[in-house]
Amino acid sequence: WMIGYLLEKGRMTEEELVLFRPSVCNRLDRNTSGIVTAGKSLAGLQALSRGFKERRFGKYYRCLVKGEIPEKKLVSGYLTKDGRKNQVTIRKSPVEGAAWIETEYRPVRIADGYTLLEIHLITGKPHQIRAHLASIGNPLVGDYKYGDRGFNDGYRTRFGIDSQLLHAYQITFPAIEGACAAVSGKTFTAKLPEKFQRMIRETAWEHGIQEALEVQH
């Protein structure tokens, strides 16, 4: 679809595709919605990939989690992955093969029993947000891999939520020169999916529904 879009909008030609095919730079967990980036030139792809590796870009997510989180916090740990189960474990102490991770979060709105969070993903490992929050007792609503099945079942019945409510809603770029100059200093935001919006609309938030809805944009 990406290549079709670029051709349709006149941002690439068939001749250019012979030399290079656009490629995604960052990926999302299965059933996580939101922004992904791609390079439409080799130089752009390399510059974006380098920027992600060096953690120069701001990656922000929105999610709903079990429990009321009153304050902003930076949490860290060590992540190990079981490839056979496609599942990760978060540990407080290092073990062989573990990757250091950091996740920063702040509460946007609090309701009776759960919190709408903004996540600043500092490192970017598979399942990091889901597993990290679950490890501190605040699993994501709808996450059946790392979450609370009994808690999730109520939202499945009421809202049809059968996967994690996690949305990559914003990416910010610093001043950039060269191949990525077109996005220098810019911020891009993706609207929340309908099921996520509906749950926000039908929740009695701490400061009211309207204020909670405003954080979608």
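Buried means under 20% relative accessible area. The views below come from a predicted model.

**View 1. Two aromatic residues in helix H5 stack on each other.**
Tyr 155 and Phe 159 are both buried. The two residues belong to helix H5, which covers residues 149-159. They sit 4 residues apart, about one turn of the helix. Their ring centres are 6.3 Å apart, and the angle between the planes is 15°. The pair counts as stacked, because the planes are under 30 degrees apart.

**View 2. Ring pairs join five residues into a cluster.**
Tyr 155 and Phe 159 appear again here, as members of this cluster. Tyr 114, Phe 151 and Trp 205 are the other members. Ring pairs provide the links.

**View 3. Tyr 78 and Trp 100 form an edge-to-face pair.**
A search of the whole structure finds 8 aromatic pairs. In the pair shown, the ring centres of Tyr 78 and Trp 100 lie 5.2 Å apart. Their planes meet at 65°, so the pair is edge-to-face. Tyr 78 comes from strand S5 (residues 73-82). Trp 100 comes from strand S7 (residues 99-110). The pair therefore ties together parts that are 22 residues apart in sequence. Trp 100 counts as partly exposed, with a relative accessibility of 38%.

**View 4. Arg 62 meets Glu 118 and the ring of Tyr 169.**
Arg 62 lies in strand S4, which spans residues 58-66. Its relative accessible area is 5%, so Arg 62 is buried. The Arg 62 side chain makes a polar contact with the side chain of Glu 118, at 2.9 Å. The charged end of Arg 62 also sits over the ring of Tyr 169. That charged end is 4.2 Å from the ring centre.

**View 5. Helix H4 is mostly covered.**
H4 runs over residues 128-135, and 6 of its 8 residues are buried. The buried residues are Gln 128, Ile 129, Arg 130, Ala 131, His 132 and Leu 133. Strands S4, S5 and S7 are among the elements that cover them. The cover also includes strand S6 (87-91), strand S8 (114-121) and strand S9 (166-172). Gly 137 follows H4. The phi of Gly 137 is positive, near 90°.

Conventions
Residues numbered from 1 in each chain as written. Predicted model: local features only at pLDDT ≥ 70, side-chain atom pairs only at ≥ 80, totals over all residues. Heavy atoms only, no water. Buried < 20%, exposed > 50% of the residue type's maximum accessible area, 1.4 Å probe, protein only. Polar contact = N/O pair within 3.5 Å; in protein donor to acceptor, adjacent residues only side chain to side chain. Phe/Tyr/Trp six-rings, centres within 6.5 Å; stacked < 30°, edge-to-face > 60°. Lys NZ or Arg CZ within 6 Å of the ring centre and 35° of its normal. Contact = heavy atoms within 4.5 Å.
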